[in-house]
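Reader: Please take one chain of this model and go through it closely. I would like to know which parts touch its partner and how far the prediction can be trusted there.

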Amino acid sequence: MSLLKIRNLSVTFATSTGPFRAVDKVDVDVDKGQILAIVGESGSGKSVSMLATMGLLPWTATVTADEMSFDGQDLRTLSGKARRRLIGNDLAMIFQEPMSSLNPCFSVGFQIREALRKHTSMDRKQRHARCVELFEMVGIPSPEQRLKAYPHQLSGGMNQRVMIAMAIACKPRLLIADEPTTALDVTIQAQILDLLTGLQKETGMGLILITHDMGVVAETAERVAVQYAGQKVEDQTVTDLFATPHHPYTAALLAALPERATEKHLPTIPGVVPGQHDRPVGCLFSPRCQFADDRCRAIEPPVQPDALGRALCHYPLNAPAEAQAQ
Amino acid sequence: MLKFFLSRLGTFIPTFFGVTLISFAFIRVLPGDPIIVMAGERGMSQERYEALRAQYGFDQPIWKQFWDYFTGILQGDLGNSFVTNRPVWDEFFSLFPATLELSICAIIIATCLGLPAGVIAAVYRGKFLDRFFMSTALIGYSMPIFWWALLLIIVFSGNLGWTPVSGRIGLLYFFEDTTGFMLIDSLLSGQSGAFRSAVSHLILPSIVLATIPLAVIARQTRSAMLEVLSEDYIRTARAKGLSPERVNGVHALRNAMIPVITVIGLSVGTLLAGAILTETIFSWPGIGKWMVDSIFRRDYPVVQGGLLMIAVIVMIVNLLVDLTYGLINPKIRSR
């Protein structure tokens, strides 16, 4: 049974210029102990779909889904109180900007102990011991002193380690990491990724890694979901995705990786992700797709079967003719 | 922390010097001669006039007058009032507790109501409570204070008869000034009903004086909270599963307190500087009324000394405000 199962998730924001659909009929599946990467450009709705799962979207957002369950618990009908018992405990999340994600007014130790006090029955001494243990797990040296430090006294990488320690404090079964390395130095990025995958193996939790870095995906994930303009356009295992991408967008993303370049100039994807007011009819990727024809520009594409990576495309690439849905 | 304190203290000295200079110059710029005012309607002879000028040192060059004044201050001598001939220092401290008592009550009312109102308005932004609190605050802020005071007196003292109209305590009670604070003294006196009387005298002036700071604090709290609520660390706090009360009341409010403390500090400054209108309307024997009277009498030492004392008190309040910044947000301390 999957740990997190989401069907047909849509998120619409009420804006001053009318409704804006940030996430459009997205499915997410994560099994116990699995690492899922969600990849896409900025504005593809990766973070929003996960914030919707956590229930952390602002009040301007409307979330609809056919199914949204965590370990069999329906997240849609959960009361605020029941949700707060779940998040931070079984379901945890870390964010992109470690420096601004920690409260400047409280010591990092206080902020971790707060999560423990909320979700566990540990006493003061046990909470402190757990904090020291967590800091050792995430590789923060001299934990006793560091626990007393304030976020501004630590580096970005250290703060992200603190965030990770905070997220795993209550032994979550699923950790959502929203671009955990984007704001960090390249040398630190690798360390944080190693830390996350190491912790995942150690604790057996599920891990959703939101990223726009295909290199990160290749190194860490087991499954990959590619999102474009709020839609999931492809969903495959990592090896299959890199070997035989089925959606033209995935193929174009892979072709743009420097490691895969065969020519002097890196190939790029012309154009930008459509915004609120320039959403095309038919396939959302059609204006930027080199294979698009009139059908793509008029009719919304179908979801292809599993064998074709559930690609959201009229003409999936690398497809044997008989496998294709019409 | 000590370094922070000393650096703030360092800015004290030039400010102090500037204030003595300004207060000295201010009263001399005003038209009118203190000696003529002293003489009253009868007038005086030219010889007597010259003798008095010499006695008070007005025949000296202006820099010499300032020098005498400034060296006097450094020795703790603010001079004597022309009118009562008592030291300005003594006069100030016999009146200051009344103002301080009123200001403290007003700021407590303003903070205790303004802070929660601002937090609630921010949390329910755009909803009924937000609009209700903020429009009430705007009305309170824009209402002429003398009119508001008279309205309260008419309703609560006149029509309902719940509170006295003026003064600090009922005429039935008499006791020694021990601290100068009527609430404390009335308790110490042990006379039954004295404390009640002191409280009932304090209620209306405190409400009137609290009105504008209350409105400012509520609006400032709301805007600071709105800014903080969109911060990443608030999302982190919510992601931990903390209750909305804890997220808003602990994580958000603590960060929003910096600008709020600033306006509270500034309000305390203006309140202590003498709530002139409120003190006049309620016949409250505080420094505001004293200062205004002294300006009309051209009582140079009182105006100079009073301004200086008020300025020093405002500076001390600001210093305390600066120190609390560091306590609330350690990031500020390290700068």
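**Chain B, from spans to contacts**

Author: An unreviewed UniProt entry places the feature "transmembrane region" at residues 12-30, 100-124, 145-165, 198-218, 256-282 and 302-328 of chain B. Two of these spans can be set against the predicted coordinates. Residues 198-218 of chain B are 100% helix and 0% strand, with the end C-alpha atoms 28 Å apart. Residues 302-328 of chain B are likewise 100% helix and 0% strand, and here the distance between the end C-alpha atoms is 38 Å.

Next, the contacts with the partner. On the side of chain B, 20 residues are in contact with 22 residues of chain A. Helix 11, helix 12 (244-272) and helix 16 of chain B are the elements that each give two or more residues to this side. Helix 11 of chain B supplies the largest share, 7 residues. By type, the residues of chain B that touch chain A divide into 6 nonpolar, 7 polar and 7 charged.

As for confidence, the mean pLDDT of chain B is 85, and 98% of its residues reach 70 or more. Two of the contacting helices mark the ends of the range in chain B: helix 11 (residues 232-239) has the highest confidence, at a mean of 93, and helix 16 (residues 330-333) has the lowest, at 75. Helix 11 of chain B is thus both the element with the largest share of the contacting side and the one with the highest confidence in its chain. For the model, the scores are ipTM 0.87 and pTM 0.81.

Definitions and conventions
Residues are numbered from 1 along each chain as its sequence is written. Chains are lettered from A and ligands numbered from 1 in the order in which they are written. This is a predicted model: local features need pLDDT of at least 70, side-chain atom pairs count only at pLDDT 80 or more; totals for chains, interfaces and linings use all residues. pLDDT is the predictor's confidence in each residue, from 0 to 100. Helices (H or I, at least four residues) and strands (E, at least two) are DSSP runs, numbered from the N terminus. UniProt positions are given in the numbering used here, feature names are shortened, and annotations may be inferred rather than shown by experiment. Two residues are in contact if their C-beta atoms, placed from the backbone, lie within 7 Å. Ala, Val, Leu, Ile, Met, Phe, Trp, Tyr, Cys and Pro count as nonpolar, Asp, Glu, Lys and Arg as charged, and the others, Gly among them, as polar.
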